[in-house]
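Ready for a walk through a protein chain? Open your viewer, keep the selection tool at hand, and follow the stops below.

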Amino acid sequence: MTIMSASQAGVIGCRTCGLACRAADGAGVLRCPRCGGRLRPRKTDSLSRSWALLLAAALLYIPANLLPVMETTSLFGTEKSTILSGIVYFWTSGSPGLAVLIFTVSILVPLLKLGTLSMLAVSIHRHSAGGLHQRAKLFRLVEFVGRWSMLDVFVVALMVGLVHFGSLATIEAGPGAAAFGAVVVLTMLAARTFDVRLIWDCSKDDDD
């Protein structure tokens, strides 16, 4: 059984309201008849924008893990903590579950997102026609887990707000927290910019 894509059938989905619209040849700029949104068969410069965002996120991933995410000032002095030192502290202090959680959401998840999106982009560049369903599922998984990547930033922000109510110690967010937040936002934008429909175009190119 031959599966026909929406593009081959001349149908464009509105990205604003989700209506499936029939594309008319030579109609110029297409508009959705329900919401008036502009219809595009594919996102403009999707791969180029995704690559730019992924490269920026990869560059910031290093300082996000090496620079301090939290600076604690007390009567005993100032202590700077990185993500890695926090993982080691919780692991050695009898909280391995919390250490594994921080490692997963702060180091493993962003790294897997970068690797997965890069792999998908490379497969489209190479017009790979194999494993289309698996690649589409990988992309949906990246979108699903992306929201949990901000957990570490939320923890730092919460601790800053709580400890500032005290008088013996203060906690301030370090430059690593800003870099980590930028990595999360950039990977989310890269996933948002990436047009998953390009994966199915590879099957059409293979058929041609």
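Start by selecting leucine 186 and showing the residues around it: leaving aside residues up to four places away in sequence, leucine 186 touches Leu53, Ala56, Ala57 and Leu60. Leucine 186 lies in helix α6. Keep in mind as you look that this is a predicted model. Is leucine 186 buried or exposed? With a relative accessible area of 16%, leucine 186 is buried, since buried means under 20%.

**Across to helix α1**

Now add leucine 53, one of the residues that leucine 186 touches. Leucine 53 is found in helix α1. Draw a distance between the C-alpha atoms of leucine 186 and leucine 53: they are separated by 5.7 Å, although the two residues are 133 residues apart along the chain. Which residues does leucine 53 touch, not counting those up to four places away in sequence? They are Leu186, Leu189, Ala190 and Thr193. Try a second distance, from leucine 53 to threonine 187: here the C-alpha atoms are separated by 6.9 Å, with the two positions 134 residues apart along the chain. Leucine 53 has a relative accessibility of 18%, so this residue counts as buried.

Stay in helix α1 and select leucine 66, which lies there too. Leucine 66 is exposed, with a relative accessible area of 57%. Its partner for a distance is glycine 176: the two are 110 residues apart in sequence and 7.1 Å apart in space, C-alpha to C-alpha.

**Along helix α3**

Next, select residues 96–125, which form helix α3. This helix has 30 residues and reaches 41 Å from its first C-alpha to its last, close to the 44 Å expected at 1.5 Å a residue. Where is the kink in α3 centred? Look at threonine 104: the kink there is about 40°. After α3 comes histidine 127, with a positive phi near 55°.

While you are in this part of the chain, show leucine 117 and its contacts. Not counting residues up to four places away in sequence, leucine 117 touches Leu54, Phe139, Val142, Thr187, Ala190 and Ala191.

**Into the nonpolar cores**

In soluble globular proteins, nonpolar side chains tend to be buried together. The largest nonpolar core here has 32 residues. To find it, select the residues with the most contacts inside it: Leu47, Ile83, Ile87, Leu117, Ile124, Phe194 and Ile199. Colour the helices next: α1 (46–66), α2 (83–92), α3, α4, α6 and α7 are the elements that give two or more residues to this core. A second, separate core has 6 residues, including Cys21, Leu30, Cys32 and Leu39.

**A pair of rings**

How many aromatic pairs does a search of the whole structure find? The search finds 1. Select phenylalanine 139 and phenylalanine 194: the centres of their rings are 5.3 Å apart and their planes meet at 40°, so the pair is tilted. Phenylalanine 139 lies in helix α4 (residues 132–145), while phenylalanine 194 is in the loop between α6 (175–193) and α7 (197–207), so the pair ties together parts that are 55 residues apart in sequence. Both phenylalanine 139 and phenylalanine 194 are buried.

**A stop at strand β1**

Now go to isoleucine 12, placed in strand β1 (residues 11–13). Isoleucine 12 is buried, with a relative accessible area of 8%. For a distance here, pick arginine 22: its C-alpha atom and that of isoleucine 12 are separated by 6.3 Å, and the residues are 10 apart along the chain.

**Zoom out**

To finish, show the whole chain as a cartoon. Its secondary structure comes to 7 helices and 5 strands, and along the sequence they follow the pattern β-β-α-β-β-α-α-α-α-β-α-α. Of the 208 residues of the chain, 35% count as buried. Switch to a surface view: the chain exposes about 12500 Å², with carbon and sulfur atoms supplying 65% of it. Among contacts between residues at least 6 apart in sequence, 64% join residues at least 24 apart. Leucine 186 and leucine 53, from the start of the tour, are one example of residues far along the chain from each other, at 133 residues apart.

Note on methods: Residues are numbered from 1 along each chain as its sequence is written. This is a predicted model: local features need pLDDT of at least 70, side-chain atom pairs count only at pLDDT 80 or more; totals for chains, interfaces and linings use all residues. Side-chain values use heavy atoms; hydrogens and water are left out. Rings of Phe, Tyr and Trp (its six-membered ring) pair if their centres lie within 6.5 Å; planes under 30 degrees apart count as stacked, over 60 as edge-to-face and the rest as tilted. Helices (H or I, at least four residues) and strands (E, at least two) are DSSP runs, numbered from the N terminus. Buried means under 20% relative accessible area, exposed over 50%, partly exposed in between (1.4 Å probe, protein chains only). The expected span of a helix is 1.5 Å times one less than its number of residues. The bend at a residue is the angle between axes fitted to the seven residues ending there and the seven starting there. Contact means heavy atoms within 4.5 Å. Accessible areas come from the Shrake-Rupley method with a 1.4 Å probe; for residues, only the protein chains shown count as cover. A nonpolar core is a set of buried Ala, Val, Leu, Ile, Met, Phe, Trp, Tyr and Cys residues joined through side-chain atoms within 4.5 Å.
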